[in-house]
Amino acid sequence: MVDVVGSRLLGRAAEHVVVAEFQLRGYEVVVPDLDRGVDLYVQSAEMAGCGREMKPVQVKAGRGVGLKRVDGFRAQFRLPWKQLLDSEDGGLVYVLIGLCPEEVIEPRFGGGGWESIVIPRSELLILMDLGLGTRGEDQLVVSLTFRRDRVTDHGIDLQWYRNGYEGVF
């Protein structure tokens with residue numbers, strides 16, 4: 001078996017998980033052949049063929065590290081400023097998806113699964129102004145803590161966005 005956690009394949013595996021999550025909810029998903037800053041395009045099945053544009057989706061994967069004092073894990077995501085602040089990515093949605101370490105039992109009620117935050121870029125920017133993430137020179141670093149009942153970063157509760165694939169449209 002390939003060690004996905006320790007390889008360059010983590011991001012690609014995460015993209016496949018996100019595609020499956022959208023498709024299981026009835027969305028049409030297109031994966032471009034070339035990665036030009038957008039990993040997927042998603043459209044609700046009802047809107048397919050109606051001339052409505054597909055929503056761009058950027059997937060960011062993070063390797064989870066178990067928490068010592070409580071059940072849960074933490075995963076870190078790096079969001080480049082160039083994309084985060086680009087006004088031309090109309091309706092961009094981020095999926096920050098963390099791989100739960102196998103030794104963590106609770107967050108996924110069985111361990112070894114994926115947990116995600118699905119959030120429109122516009123809302124991510126608002127939360128950033130409220131203190132989300134750590135600002136670096138060329139990127140925003142978001143360190144999400146996934147627990148059974150909440151997801152947080154710098155005290156900001158992101159539970160509302162947890163596995164929220166239905167909220168894209």
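## Tyr94 and the largest nonpolar core

In this predicted model, Y94 is in contact with Q58, K60, L79, Q83, L84, I117, V118, I119, R121 and L124, leaving aside its neighbours within four places in sequence. Y94 also belongs to the largest nonpolar core, which has 25 residues. Together with L79, L84, L96, I117, L144 and L158, Y94 is among the residues with the most contacts inside this core. At least two core residues come from each of β5, α2 (81-84), β6, β7, α3 and β9.

A second core, separate from the largest one, has 20 residues, including A14, Y27, L40 and V93. As a general background to both cores, nonpolar side chains tend to be buried together in soluble globular proteins.

## The open sheet

Five strands make up an open sheet with mixed pairing, in the order β1-β2-β3-β6-β7. At its edges stand β1 and β7, each of which pairs on one side only. On average, and with direction ignored, neighbouring strands of the sheet are turned by 30° against each other.

The strands β1 and β2 run antiparallel and are joined by four bridges. Here V30 stands opposite Y41 of β2. Strand β2 also holds S44, which counts as buried because its relative accessibility is 9%, under the 20% limit. Not counting residues up to four places away in sequence, S44 touches Y27 and F169. S44 and F169 are 125 residues apart along the chain, yet their C-alpha atoms are separated by 7.5 Å.

## Helices across the sheet

Helix α1 spans residues 9-24, 16 residues in total. From the first C-alpha to the last, α1 reaches 23 Å, close to the 22 Å expected at 1.5 Å a residue. The helix lies across β1, β2, β3, β6 and β7, and runs at about 130° to β3. Just after α1, G26 takes a positive phi of about 90°.

Which residues of α1 are buried? They are L10, A14, E15, V17, V18, V19, E21 and F22. An α-helix has 3.6 residues a turn, so residues three or four places apart point the same way. The cover over the buried residues of α1 includes β1 (27-30), β2 (40-44), β3 (55-63), β6 (93-99) and β7 (114-120). Another helix, α3 (residues 121-129), lies across β6 and β7, running at about 95° to β7.

## Strand β5 and its partners

Strand β5 covers residues 73-80, and its side chains alternate between two faces. F73, A75, F77 and L79 point to one face and are buried. R74, Q76, R78 and P80 point to the other face and are not buried.

Two strands pair with β5. With β4 (residues 65-66), β5 pairs in the antiparallel sense over two bridges, and V65 has R74 as its bridge partner. The hairpin of β4 and β5 has six residues between the strands, and within this hairpin G72 takes a positive phi near 145°. With β9 (residues 139-146), the antiparallel pairing of β5 extends over eight bridges. The bridge partner of R78 in β9 is V141.

## Aromatic pairs

How many aromatic pairs does a search of the whole structure find? The search finds three. One of them joins F22 and Y165 edge-to-face, at 5.1 Å centre to centre and with 90° between the planes. This pair links distant parts of the chain, since F22 lies in helix α1 and Y165 in the segment after β11 (156-157), 143 residues apart. F22 is buried because its relative accessible area is 0%, and Y165 counts as buried because its relative accessibility is 1%.

A further pair is formed by F73 and F146: their ring centres are 4.8 Å apart and their planes stand at 15°, so the pair is stacked. This pair also links distant parts of the chain, with F73 in strand β5 and F146 in strand β9, 73 residues apart. Both F73 and F146 are buried. Ring pairs also link F22, Y27 and Y165 into a cluster. Within that cluster, F22 is one of the buried residues of α1, Y27 is touched by S44 and Y27 belongs to the second core.

Terms used
Residues numbered from 1 in each chain as written. Predicted model: local features only at pLDDT ≥ 70, side-chain atom pairs only at ≥ 80, totals over all residues. Heavy atoms only, no water. Expected span 1.5 Å × (residues − 1). Buried < 20%, exposed > 50% of the residue type's maximum accessible area, 1.4 Å probe, protein only. Contact = heavy atoms within 4.5 Å. Pairing = 2+ DSSP bridges. Phe/Tyr/Trp six-rings, centres within 6.5 Å; stacked < 30°, edge-to-face > 60°. Axes fitted to C-alpha atoms, helices over the stretch in contact; angles between N-to-C directions. Core = buried A, V, L, I, M, F, W, Y, C linked by side-chain atoms within 4.5 Å.
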